[in-house]
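Load the model in your viewer and set it to a cartoon view. The stops below say what to select and what is there.

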Amino acid sequence: MNKKTVRAGIVGAGFSARFHYEAISRVYGVNAEVQGVYALDKAQAADYAAQRGIKCYDTLDALIDDVDIVHCCVLVAGHEEIAVAALER
């Protein structure tokens, strides 16, 4: 049985992003792959990516271009901007 591959991107590199990364690794029924991370705090995003062997994106648009699903792991005040950008794609 060939499982569909779903490419995920994580926006944010704090506590919630760590939790989401672990949850993605437990997805059942599809091959879920984390493509990378984007965060306003570039140093935090680079460290997050290096620890997990994933790509660190320079822009939100670049991350959205490479993924099927966006995990919004930022403060609530930033959710709307990220969700709208993802949905417009």
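**Starting inside the sheet**

Select Val-6 first: across from Val-6, in strand 2, stands Ala-32. The model is a predicted one. A second pair to pick out is Ala-8, which stands opposite Val-34 of strand 2. Now extend the selection to residues 5–11 for strand 1 and to residues 31–38 for strand 2; the two strands run parallel and are joined by seven bridges. In general, strands of a sheet pair through backbone hydrogen bonds, in either a parallel or an antiparallel way.

Colour strand 1 by accessibility. Is strand 1 mostly covered or mostly open? Mostly covered: of its seven residues, five are buried.

**The whole sheet**

Show the four strands together. They form an open sheet with the order 3-2-1-4 and parallel pairing. Which strands stand at the edges? Strand 3 (55–56) and strand 4 (69–72) do, and each has a single partner strand, so one side of each has no neighbour in the sheet. For side chains, the general rule is that in a regular strand they alternate between the two faces of the sheet.

**The whole chain**

Zoom out to the full protein chain. Four helices and four strands make up its secondary structure, and along the sequence they follow the pattern β-α-β-α-β-α-β-α. The radius of gyration is 12 Å, close to the 12 Å that the globule rule gives for 89 residues, so the chain is as compact as a globular protein of that length. The C-alpha trace spans about 40 × 30 × 20 Å along its principal axes.

Switch to a surface. The protein chain exposes about 5,700 Å², of which carbon and sulfur atoms supply 54%. Of its 89 residues, 33% count as buried. A contact map is useful here too: taking contacts between residues at least 6 apart in sequence, 64% join residues at least 24 apart. For the charges, mark the 9 positive and 12 negative ones; their mean positions are 8 Å apart.

**Asn-31, in strand 2**

Return to strand 2 and select Asn-31, which is found there. Its relative accessibility is 33%, so Asn-31 counts as partly exposed, a class that runs between 20% and 50%. Which residues does Asn-31 contact, leaving aside its neighbours within four places in sequence? They are Lys-3, Lys-4, Thr-5 and Val-6. Draw a distance from Asn-31 to Lys-4: these residues are 27 apart along the chain, and their C-alpha atoms are separated by 6.0 Å.

**Val-27, in a loop**

Step back along the chain to Val-27, in the loop between helix 1 (15–24) and strand 2. Val-27 is partly exposed, with a relative accessible area of 41%. Add Arg-89 to the selection: Val-27 and Arg-89 are 62 residues apart along the chain, with 24 Å between their C-alpha atoms.

**Ala-77, in another loop**

Go next to the loop between strand 4 and helix 4, where Ala-77 lies. Is Ala-77 buried or exposed? Its relative accessibility is 78%; the class begins over 50%, so Ala-77 counts as exposed. A line from the C-alpha atom of Ala-77 to that of Ala-43 comes to 21 Å, for residues 34 apart along the chain.

**His-79, in helix 4**

Finish with helix 4 (residues 79–88), where His-79 is found. His-79 is partly exposed, at a relative accessible area of 31%. Not counting residues up to four places away in sequence, His-79 touches Cys-72 and Val-74. Add Ala-13 for a last distance: His-79 and Ala-13 are 66 residues apart in sequence and 14 Å apart in space, C-alpha to C-alpha.

Technical notes:
Residues numbered from 1 in each chain as written. Predicted model: local features only at pLDDT ≥ 70, side-chain atom pairs only at ≥ 80, totals over all residues. Heavy atoms only, no water. Rg over C-alpha atoms; globule rule 2.2 N^0.38 Å. Buried < 20%, exposed > 50% of the residue type's maximum accessible area, 1.4 Å probe, protein only. Contact = heavy atoms within 4.5 Å. Areas by Shrake-Rupley, 256 points an atom, 1.4 Å probe, with all protein chains shown as cover. Lys, Arg positive; Asp, Glu negative; His and termini not counted. Charge placed at Lys NZ, Arg CZ, Asp CG, Glu CD. Pairing = 2+ DSSP bridges.
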